[in-house]
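Let's walk through this structure together, one region at a time. Have the sequence and the model side by side, and feel free to stop and look whenever a residue is named.

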Amino acid sequence: MKLLAVLMLLAAPVLAQERRDPRVEAVVQRIDPARMQSTVQHLAGFGTRHTLSGTQGPGRGIVPAREWVAGEFAAVAKGSRLKPFEDRFTAQPDGKRISQAVEIVNVGVVLPGTDAARGKQAIVVTAHYDSMPSDVMDPKSDAPGAIDDASGTAMALELANALRDQSPAISVYLVAVAGEEQGLIGSQHLATRLKGEGLEVIAMVSVDIAGNSEGQDGVRDSTTARLFSEGVPETESEAQKKLRLAVGNENDGPARQWARYAQRAGELYVSGLRLRVLLRRDRIARGSDHMSFAREGFPSLRLSEARENYRGQHQTPRTEGGVRYGDELFRFDANYASRMCKALTAAIASLSTAPAPPQEVTLAGAVSPDAKLRWKLPADAHIADVILYRRPADAATWQSALSLGKVSEVTLPSVTTDDWFFAVATADAAGNQSLAQPPSAVGR
Ligand SMILES: [Zn+2]
């Protein structure tokens, strides 16, 4: 059966307001700023969570901190669909940021997927529960790490609580990792392990530094957040490079599509938060745990606050010249963090239940007046619609999203392929969309 849509696209309409899935709305409403505040307060109370800090007395150090985090995950998982998850290994001295052998434990939960045909697909969320003072090799000094990254760890726990009764098509991993400040070693182990287990991570996010709303310059912004993603995959193959040079898709890699997805879903379900899709993989010359997953070829992004205060980051708490340094609890804005958490929850609740995406998307119509796209629809009974995204070739973001119906081909009269970018997504009857797939081949 050949299903074809012919569209008359006269003016480029702005992205229409989509309808919300009441199920996703209900999940999003479970995010609780008061509980996030309490989680961050508790984590900051361990004094230091430096990866090499071990146990330095009752309730001080990374070992009691991780036991508490594991206990919190276990409490949320009890009696739910969530399964406890642990990734434990011994990191050997590396001549860099690991001075002695140390046990590293990544802890969290997995929400198992229910679609057997997609049994190896997953979404992964990480936050890092380790922290550091001014000197990255100092495991003794206070390092409360309220923003970096108790804020993200609180979000991972909130996500677990919000999703605990859900039955998504694909699995969702929610993991608090250690070793981030020592060179991303916890997340690297996790990414390598999951890849080794044959898992296909279709979307990964590191929530890192996501709760401070007052920048170092005093400017406050609690209504914007940033999504960082690579445009060209770090693991780009020769074939991908050839396609990129042919069609110019350096702003359309899988990680960038995932960032756009998180932006669209986040803004659809959460009022009072604008998500900016920044066209770089992280802040300049800095990094986070999403880079470990990008290195394994997985589409990964970082969610972070709009305005950072560097007096809070990687600073031993102290007052110097009348200025307060240190990553302390007073910097945490729970209402702001909860909006970011709600946005992320919306994206994950929607993507994890959405149908499988279109496959083998082919762009045709070069040196002709009409653009033609065709794709294969996977055998997924939940597909109710196909959404066509497009933007002019001099724009960075999608400018229209059109519902095509359940078709596998579209012709766009008087649309010159050279002047546009396209992608297609599947959607279920409630409007939950797959990740948008740009053309992976150019044909006739
Ligand atoms: Zn961090």
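Is L184 buried or exposed? With a relative accessible area of 10%, L184 is buried; buried means under 20% relative accessible area, exposed over 50%, and partly exposed in between, using a 1.4 Å probe and protein chains only. Before going further, please note that this is a predicted model, in which local features need pLDDT of at least 70 and side-chain atom pairs count only at pLDDT 80 or more, while totals for chains, interfaces and linings use all residues. Residues are numbered from 1 along each chain as its sequence is written, and side-chain values use heavy atoms, with hydrogens and water left out.

Let's stay with the backbone for a moment. Most residues other than glycine have a negative phi, and most peptide bonds are trans. L184 has a phi near 60 degrees, a positive value in a residue other than glycine. You will find L184 in the loop between β5 (171–177) and α5 (185–196); helices (H or I, at least four residues) and strands (E, at least two) are DSSP runs, numbered from the N terminus. A285 also has a positive phi, of about 60 degrees, although A285 is not a glycine. This alanine sits in the loop between β8 (274–278) and α8 (290–295), and A285 is exposed, with a relative accessible area of 81%. For a cis peptide bond, look at the link from D148 to D149, where omega is near 10 degrees. D149 lies in helix α4 (residues 146–163).

D148 brings us to the metal. The zinc ion has as its protein donors H128 through NE2, D148 through an OD atom, and D208 through two OD entries, lying 2.0 to 2.6 Å from the ion. Donors here are N, O and S atoms within 2.8 Å of the metal (3.2 Å for Na, K and Ca); water is not among the atoms, so sites may look incomplete. How are the donors of the zinc ion spaced along the chain? They follow the pattern H-x19-D-x59-D. H128 belongs to strand β4 (residues 121–128) and D208 to the loop between β6 (200–207) and β7 (224–229), so this pair ties together parts that are 80 residues apart in sequence. The angles among the four donor atoms run from 54 to 145 degrees, and the site is irregular. For that label, four donors count as tetrahedral if all angles lie between 85 and 135 degrees; four count as square planar and six as octahedral if opposite donors are over 155 degrees apart and all others between 65 and 115; anything else is irregular. H128 counts as buried, at 0% relative accessibility, and D208 counts as buried too, at 2%.

The loop between β6 and β7 also holds R220. R220 is exposed, with a relative accessible area of 54%. R220 and D208 are twelve residues apart in sequence and 19 Å apart in space, C-alpha to C-alpha. Not counting residues up to four places away in sequence, R220 touches S213, E214 and D333, where contact means heavy atoms within 4.5 Å.

Now for the helices. Two packed helices are described by the angle between their axes and the distance between the axes. Helix α7 (residues 254–269) and helix α9 (residues 334–351) pack at an angle of about 110 degrees, with their axes 8 Å apart. Axes are lines fitted to C-alpha atoms, for helices over the stretch in contact, and angles run from 0 to 180 degrees between N-to-C directions. α7 and α9 are therefore roughly perpendicular to each other; angles under 35 degrees count as roughly parallel, over 145 as roughly antiparallel, 65 to 115 as roughly perpendicular and the rest as oblique. Among the residues that meet here are W258 and Y261 in α7 and A343 and A346 in α9.

Helix α2 (residues 33–44) packs on α9 as well: their axes come within 9 Å and cross at roughly 110 degrees. The contact is made by P33, M36 and Q37 of α2 and A334, N335, A337, S338 and C341 of α9. Finally, α4 and α9 pack at about 50 degrees, with their axes 10 Å apart, and are therefore oblique to each other.
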